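Trainee: I should like to understand the terms used for a structure that is new to me. May I ask about them one by one?

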Amino acid sequence: MSEVAPERDRATQSQLVQEAVVPPGEAHDLPAPSAAERVTVNERRAQQVLAMGGGDWAEVSARAHAEGDDDVMVINMGPQHPSTHGVLRLVVELRGEEVISCQPVIGYLHTGIEKSIEYRTWVQGVTFVTRMDYLAPIFNETAYCLAVEKLLGIEAPPRAQALRVLMMELNRVSSHLVWLATTGLELGALSVMLYGFREREEILDILEEVTGLRMNHAWVRPAGVSQDLPDGTEERVRSFVDDMRGKIDEYETLLTNNPIWLERTRGIGVLSSEQLVGLGVTGPMLRAGGIAHDLRKAEPYCGYEQYDFEVPTFTESDVYARYQVRIAEMRESLKIIEQVLDAMPSGPVMHPDPKIGWPARLALGPDGLGNSPAHVQHIIGESMEALIHHFKMVTEGIKVPAGEVYVTVESPRGELGYHVVSDGGNLPYRVHVRDPSFVNLQTVPVMMNGLLVADVIAALSSTDPVLGGVDR
Amino acid sequence: MPPETTQPPDLIQPVLTGLRERFGEAVREVSGHRGEVTIELATAHLVEVATWLRDDPSAAFTHLSDLSGTDYPERPDRLCVDYHLYSREHNVRLRLKVRVTVSDPHVPTVTGVWPTANWHEREVYDFFGVRFDGHPNLVRILMPEDWKGYPQRKDYPLGGVDVDYIDAHVPPPDQRRYRGGWTST
């Protein structure tokens with residue numbers, strides 16, 4: 001298991017670590033273990049620092065060795081492991097079957113999105129944020145656009161708001177389906193994996209029909225959405241919702257009272273409400289711990305206050321309760337989708353102000369998404385001014401008044417927050433994303449203590465981490 | 001009816017009064033923008049103010065939503081750390097702000113007040129080089145541990161190359177700023 005690096009490399013690496021991190025004397029500079037100041041395993045674990053390079057590996061095993069505990073085995077899980085939901089690395093210390101510590105190590109998927117956004121226009125920013133939490137792209141886009149709109153002091157037209165809600169709730173169901181499918185797979189419920197991905201495919205087909213892409217849609221834009229629903233989508237969504245209700249019943253038949261599923265999930269990964277609040281946990285994990293907080297109810301956005309839905313809450317705070325919350329949330333999402341379709345307002349999907357709204361209407365052609373033929377006809381054949389305006393809006397983009405805002409939406413994983421700063425120019429000054437997976441992953445060391453090694457996967461999976469969002 | 005998206009000022013008023021009474025010298029500036037309230041604090045008083053905001057029933061900011069950094073190179077105290085607080089009880093949000101210089105980038109840690117700050121502070125350290133004094137393990141979190149420099153500072157280059165056309169020159173991405181033509185900043 002151990003990663004043996006040549007002696008020379010190891011020396012260079014630890015030297016580099018010394019130079020790169022805070023100067024000696026600060027908190028991370030751990031004292032060498034000695035018999036005189038022998039600390040308990042627990043105390044040491046609390047201070048333990050794991051960086052992502054792998055150079056600390058020798059240190060971890062040496063420390064375990066120095067503690068004189070020959071029973072302790074250090075297992076490196078990931079970053080390329082089928083059950084780590086992306087490139088997450090877990091360093092697990094085991095005594096026999098029992099986990100005595102588990103440290104998540106992240107950063108393997110860091111792509112500098114927050115930095116890159118600062119060099120693109122406000123509208124181009126949408127194409128970056130949609131790539132963060134790749135299982136919930138519509139939520140990223142919506143939260144970012146709500147932040148930009150708040151800075152602009154405008155609201156998207158009612159139809160655009162309703163369309164956003166419709167797409168977000170479809171996206172929530174598809175995200176929860178991936179969670180259900182992968183968790184089922186990891187705990188041995190293979191049929192659930194197949195069914196989950198089968199239904200998710202239906203949703204991705206709908207998203208593709210509306211936006212042109214299965215993921216990374218960039219469909220929500222500041223001041224509206226890029227295009228209206230195509231003909232026939234409404235009926236398709238309605239028939240999907242009708243089917244889906246039965247499908248959720250099917251999953252429940254397979255799992256909810258299944259003795260093996262209960263055995264693997266009940267009482268696993270329990271967090272107290274103090275831990276949940278202190279660690280800033282949000283979303284289904286929080287609601288599985290008895291705290292009925294949902295941003296769609298507490299601070300409604302995009303008109304959520306007009307829809308009638310429940311906030312499913314359970315009290316056991318274990319993996320099973322998180323499963324129940326997600327299943328119930330899928331049903332609530334279906335309810336919202338139907339209400340949106342019933343009460344869909346008519347009108348434009350982009351803000352009418354020509355200095356803010358995107359000039360073109362996009363349309364799906366045989367070769368994918370592009371400017372609608374009518375718009376191309378208008379700017380090329382009819383109006384020189386329209387062409388100039390289009391060119392200016394696309395290259396220079398909109399100007400956003402100076403200021404800063406923090407906007408949140410309830411993503412499938414919890415509070416997705418965007419802290420957006422503008423200096424009054426055509427490029428974002430700073431965009432910081434509070435990704436719920438990033439925060440919820442901090443519960444892993446707390447949850448894992450004392451679990452059996454086989455339960456590590458169940459507990460980790462219940463946090464539903466998406467590393468694209470964690471690492472950004 | 002559910003509460004408004006942005007809190008009306010009267011909800012946050014008792015908190016501001018309480019803060020001014022107890023920590024008058026700590027509060028540098030209070031500002032409101034787009035319905036959000038920002039309190040700029042003297043760095044030294046951050047932890048006591050944070051503790052009071054969390055524990056006092058009139059505030060009850062038990063949830064630290066987000067902690068993020070921003071770099072304003074034109075200011076002497078250019079590194080800025082924002083704390084986005086949320087009170088579930090009162091359904092109110094509040095932003096705390098502290099500013100430090102690059103030569104003395106020390107901010108006391110709030111991990112003792114809100115344990116969730118742990119990874120957030122590591123991230124701000126990683127990207128801006130702000131040192132959170134008293135943090136249990138302040139090391140890089142997203143960048144490799146042997147990385148040099150603090151990538152989200154404004155003077156840290158994005159990278160990329162410039163492009164030459166026959167009669168035009170487009171500077172590398174981090175120097176581009178469209179002001180009626182691609183110009184360098």
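Mentor: The following exchange sets each term beside its definition. This is a predicted model, in which local features need pLDDT of at least 70, side-chain atom pairs count only at pLDDT 80 or more, and totals for chains, interfaces and linings use all residues. Residues are numbered from 1 along each chain as its sequence is written, while chains are lettered from A and ligands numbered from 1 in the order in which they are written.

Trainee: Why is Q339(A) called partly exposed?

Mentor: A residue is buried if 20 or more other C-beta atoms, placed from the backbone, lie within 10 Å of its own, exposed if 12 or fewer, and partly exposed in between. Q339(A) has 18 C-beta neighbours inside 10 Å and therefore counts as partly exposed. Q339(A) belongs to helix α14 of chain A, residues 319–342; a helix here is a DSSP run of H or I with at least four residues, a strand a run of E with at least two, both numbered from the N terminus.

Trainee: Which residues does Q339(A) touch, leaving out those up to four places away in sequence?

Mentor: They are Y307(A) and D308(A); contact requires C-beta atoms, placed from the backbone, within 7 Å.

Trainee: What makes a group of residues a nonpolar core?

Mentor: Such a core is a set of buried Ala, Val, Leu, Ile, Met, Phe, Trp, Tyr and Cys residues joined through C-beta atoms within 7 Å. The largest one has 120 residues, and A143(A), A147(A), V148(A) and A459(A) have the most contacts inside it. Helix α7 of chain A, residues 158–186, supplies the largest share of this core, 13 residues. Apart from it lies another core of 39 residues, including V107(B) and F127(B).

Trainee: How do you know that β1(A) and β2(A) pair, and in which sense?

Mentor: Two strands pair if DSSP finds at least two bridges between them. β1(A) and β2(A), residues 89–95, share 6 bridges in the antiparallel sense, so the definition is met. Within this pairing, N76(A) stands opposite V91(A) in β2(A).

Trainee: What makes β1 and β3 of chain A edge strands?

Mentor: Each of them, β1 (72–77) and β3 (98–105), pairs on one side only. The open sheet has 3 strands in the order β1-β2-β3, with antiparallel pairing.

Trainee: How much of chain B is buried?

Mentor: Buried residues make up 39% of its 185 residues. Chain B has 3 helices and 11 strands.

Methods. Contact = placed C-beta atoms within 7 Å.
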